[in-house]
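Subject: Structure handover

Hello,

I am passing on the structure below, and my notes on it follow. Please read them with the structure open.

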Amino acid sequence: MENIARQQISINLEVMDMLNQQIAKEQHSSSVYLAMASWCDQRGLERSASFFYRQSVEEREHMMKIFAFINNSGGSAYSPDVTNIAHEYASLKEVFELALQQEISVTQSIYKIVAKCRKVNDFGTENFLQWFVEEQMEEEQSIRDILDMFDLMGDAPLKLIDERIPKE
Ligand SMILES: [Fe+2]
Ligand SMILES: [Fe+2]
């Protein structure tokens with residue numbers, strides 16, 4: 001029965017497995033950003049905390065987008081385990097540097113799935129992933145802008161740097 005059901009899905013099965021791994025990555029990002037928000041919140045870095053609370057919600061939305069896509073295509077989406085979330089950071093700058101690393105690794109992962117889609121002619125999923133390709137470019141850019149600001153502000157008090165973190 002499971003085999004029949006799996007034959008009826010419109011996504012390539014290997015692509016579906018990669019999408020399920022992507023679900024886990026988005027949820028991992030969401031949890032990482034929640035931990036970062038907490039770290040900032042505890043230190044009174046309000047704008048940075050809001051930034052990461054917002055990112056955490058967005059990553060969950062990304063996860064749910066893929067989740068719905070798989071199930072709506074007749075596949076099986078899996079609720080991921082989340083482990084290995086760090087809660088200690090050396091500095092606010094390190095928090096943003098790690099966030100950029102996180103985004104870059106997610107971008108690479110999305111690109112791998114797009115490349116796979118092309119290889120197996122899964123154009124429906126490739127089309128679905130275009131939104132993620134654009135989103136990743138925007139998210140990387142917004143964190144790079146913040147890191148540029150850290151470089152420009154140099155040794156300014158943390159509170160002043162925090163006030164320059166974008167509100168939206
Ligand atoms: Fe994401
Ligand atoms: Fe992201």
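To begin with, glutamate 26 and histidine 62 are both buried. Please keep in mind that this is a predicted model.

These two residues belong to the site of the iron ion (ligand 1), whose protein donors are Glu26 (OE), Glu59 (OE) and His62 (ND1), lying 2.1 Å from the ion. The spacing of these donor residues along the sequence is E-x32-E-x2-H. Glutamate 26 is part of helix α2 (residues 13-42) and histidine 62 is part of helix α3, so the pair ties together parts that are 36 residues apart in sequence.

Glutamate 59 also leads to the second site. This residue bridges the iron ion (ligand 1) and the iron ion (ligand 2), and the two ions lie 3.3 Å apart. Glutamate 59 counts as buried because its relative accessibility is 1%, under the 20% cut-off.

The iron ion (ligand 2) has as protein donors Glu59 (OE), Glu139 (OE) and Glu103 (OE), the last of these listed twice, at 1.7 to 2.5 Å from the ion. The angles subtended by the 4 donor atoms run from 55 to 148 degrees, so the arrangement is irregular. In sequence, the donor residues of this ion follow the spacing E-x43-E-x35-E. Glutamate 59 sits in helix α3 (residues 46-72) and glutamate 103 in helix α4 (residues 92-119), so this pair ties together parts that are 44 residues apart in sequence. Glutamate 103 is buried too, with a relative accessible area of 1%.

Regards

Terms used:
Residues numbered from 1 in each chain as written. Chains lettered and ligands numbered in written order. Predicted model: local features only at pLDDT ≥ 70, side-chain atom pairs only at ≥ 80, totals over all residues. Heavy atoms only, no water. Donors = N, O, S within 2.8 Å, 3.2 Å for Na, K, Ca; no water. Tetrahedral: all angles 85-135°; square planar, octahedral: opposite > 155°, others 65-115°. Helix = DSSP H or I, 4+ residues; strand = E, 2+ residues; numbered from the N terminus. Buried < 20%, exposed > 50% of the residue type's maximum accessible area, 1.4 Å probe, protein only.
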